[in-house]
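Here's a quick tour of a few spots worth a look while you have the coordinates open. Grab your viewer and follow along.

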Amino acid sequence: MSKFKFSVGPWNVHEGADAFGPDIRASIPFDYKLKKFKEIGFSGIQFHDDDVVTDMNDLTEEQIKSRAGELKDYLDDLKLEAEFVAPRLWLDPRTADGGFTSNSASDREFALWRAYRSIDIAKQLGTDRIVLWLAREGTLCAESKDPVESIDKLRQAIDAMLAYDPSIKILIEPKPNEPIDRSFIPTVGHVLGFANSTSDPSRVGALLESAHAVLAGLDPAFEMGYCLVHQKLWGVHLNDQNSIRYDQDKSFGVENIRSAFNQIKVLTDHQYGSNGEFVGLDVKAMRTQSLEKSFQHLENSLKIVKLLEEKVARLDTSRVNKYREMRNYEALEMYIMELLLGE
Ligand code: GLO
Ligand code: MG
């Protein structure tokens, strides 16, 4: 039995397109995905605004709210909770230069409209969490945006969201690059510093994705620890990544098993989840996967989390402490290796 409750987003079951090739699997209907998520063991769903209301750009605020209300009924029927809503600010041509930091005032206005609608949708779904993955908030050409002015624009947008609804919390999900070259908020350290410059730092925290930390050359477990000490780890996207290359969203633990163990350890040791936080996955199936096996990466990731929870439970802390006191870190490391390798 896991100590955690798990969440997943509908985009985690996808059609397999990548930068070099189109869809390779048929689309799985949204309703079916939700049912299947529940069956596999998820109790929370992560949503983009337009996962909830597909053609939202063409609808009024009232229509958007009422469509979100309909989904809430369906979630209730399935006994699923909405974890968060994230405005999808990277698909529309109006966000080609970024949303909140675009050089075009009308693009920035559009981004803020989507952010406000995401808040409306979140309220309808019964969650107070808004996730901002700042996909294109950075540069492709370093001189295209002034870094100081851009971060100020970002702060103004976040202050506007905080003022729009006094009950929402904003979880910033940092990523150092992709799709942009240089991100304005590349790591959780940046998130927490930036949070302090907003009008209400107590409502701005972090969502740490394992692969994004690896892309920044950092250890996800230590990045989680950094947020935990500030009580700002409000969400995680567990997955994996083979070093600094294209964003891979591999199943949790399949590349860096020791780091995965340490992620589960830090979350367990510091009672992550005790304020209702979900352990979220953000994983993609390989492009080679068949339609029938479209959910396998999710099942595998959950299984790996649970196996690592058992390893963490089996860790003999007095032995760890003894090695620490003796400063015999070679012995400590070998103990961890034996634990992970099943000795
Ligand atoms: C991409 C991000 C993305 C976000 C999701 C929620 O690299 O990880 O999948 O997590 O859109 O905002
Ligand atoms: Mg993510």
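Arg-25 sits in the loop that runs between strand 1 (6–8) and helix 1 (30–40). Bear in mind that this is a predicted model. Arg-25 is buried, yet it has no salt bridge, and the bullets below start with what its side chain reaches instead.

**Arg-25, a buried charge**
- The nearest side chain of opposite charge belongs to Glu-15, and that is 7.6 Å away from Arg-25. A salt bridge needs a side-chain nitrogen of Lys or Arg within 4 Å of a carboxyl oxygen of Asp or Glu, so the pair doesn't count as one.
- Backbone oxygens are where to look: the Arg-25 side chain reaches that of Met-286 at 3.0 Å.
- A polar atom of the same side chain, that of Arg-25, also lies 2.9 Å from the backbone oxygen of Gln-289.
- Setting aside residues up to four places away in sequence, Arg-25 touches His-14, Glu-15 and Gly-16, along with Ala-285, Met-286, Arg-287, Gln-289, Ser-290, Leu-291 and Ser-294.

**Asp-282, a buried acid**
- You'll find Asp-282 in the loop linking strand 10 (279–281) to helix 10 (296–314).
- Asp-282 is buried and has no salt bridge; Lys-284 carries the nearest side chain of opposite charge, 6.5 Å away.
- What does the side chain of Asp-282 join in a polar contact of 2.9 Å? It's the side chain of Asn-12.
- Beyond four places in sequence, Asp-282 has contacts that include Trp-11, Asn-12, His-237, Leu-238 and Asn-239. Glu-173, Glu-209 and Asp-249 are on that list of contacts to Asp-282 too.

**Asn-57 and its partners**
- Asn-57 belongs to the loop between helix 2 (49–52) and helix 3.
- With a relative accessible area of 31%, Asn-57 is partly exposed.
- Its side chain, that of Asn-57, makes two polar contacts to other side chains: one with Asp-92 at 3.3 Å and one with Arg-114 at 3.1 Å.
- Leaving out neighbours within four places in sequence, Asn-57 is in contact with Asp-92, Arg-94, Phe-110, Trp-113 and Arg-114.
- Asn-57 and Trp-113 are 56 residues apart in sequence, while their C-alpha atoms are 9.5 Å apart in space.

**Helix 4 against helix 5**
- Helix 4 (residues 105–125) and helix 5 (residues 147–164) have axes that come within 10 Å and cross at roughly 30 degrees.
- Which hand does the crossing of helix 4 and helix 5 have, left or right? It's right-handed.
- Helix 4 brings Arg-108, Leu-112, Ala-115, Tyr-116, Arg-117, Ile-119 and Asp-120 to the meeting.
- Helix 5 answers with Lys-153, Ala-157, Ala-160, Met-161 and Tyr-164.

**Backbone oddities**
- The peptide bond between Glu-178 and Pro-179 is cis, with omega at about 10 degrees. Pro-179 is in the loop between strand 6 (169–173) and strand 7 (182–183).
- Lys-79 isn't a glycine, but its phi is positive, near 55 degrees. It lies in the loop between helix 3 (61–78) and strand 3 (81–86).
- Is Lys-79 buried or exposed? Its relative accessibility is 65%, so Lys-79 counts as exposed.
- Arg-327 is another non-glycine with a positive phi, about 50 degrees here. Look for Arg-327 in the loop between helix 11 (317–326) and helix 12 (329–341).
- Arg-327 counts as exposed because its relative accessibility is 67%.

Technical notes: Residues numbered from 1 in each chain as written. Chains lettered and ligands numbered in written order. Predicted model: local features only at pLDDT ≥ 70, side-chain atom pairs only at ≥ 80, totals over all residues. Heavy atoms only, no water. Helix = DSSP H or I, 4+ residues; strand = E, 2+ residues; numbered from the N terminus. Buried < 20%, exposed > 50% of the residue type's maximum accessible area, 1.4 Å probe, protein only. Lys, Arg positive; Asp, Glu negative; His and termini not counted. Polar contact = N/O pair within 3.5 Å; in protein donor to acceptor, adjacent residues only side chain to side chain. Contact = heavy atoms within 4.5 Å. Axes fitted to C-alpha atoms, helices over the stretch in contact; angles between N-to-C directions. Left-handed = near helix turned anticlockwise from the far one by under 90°.
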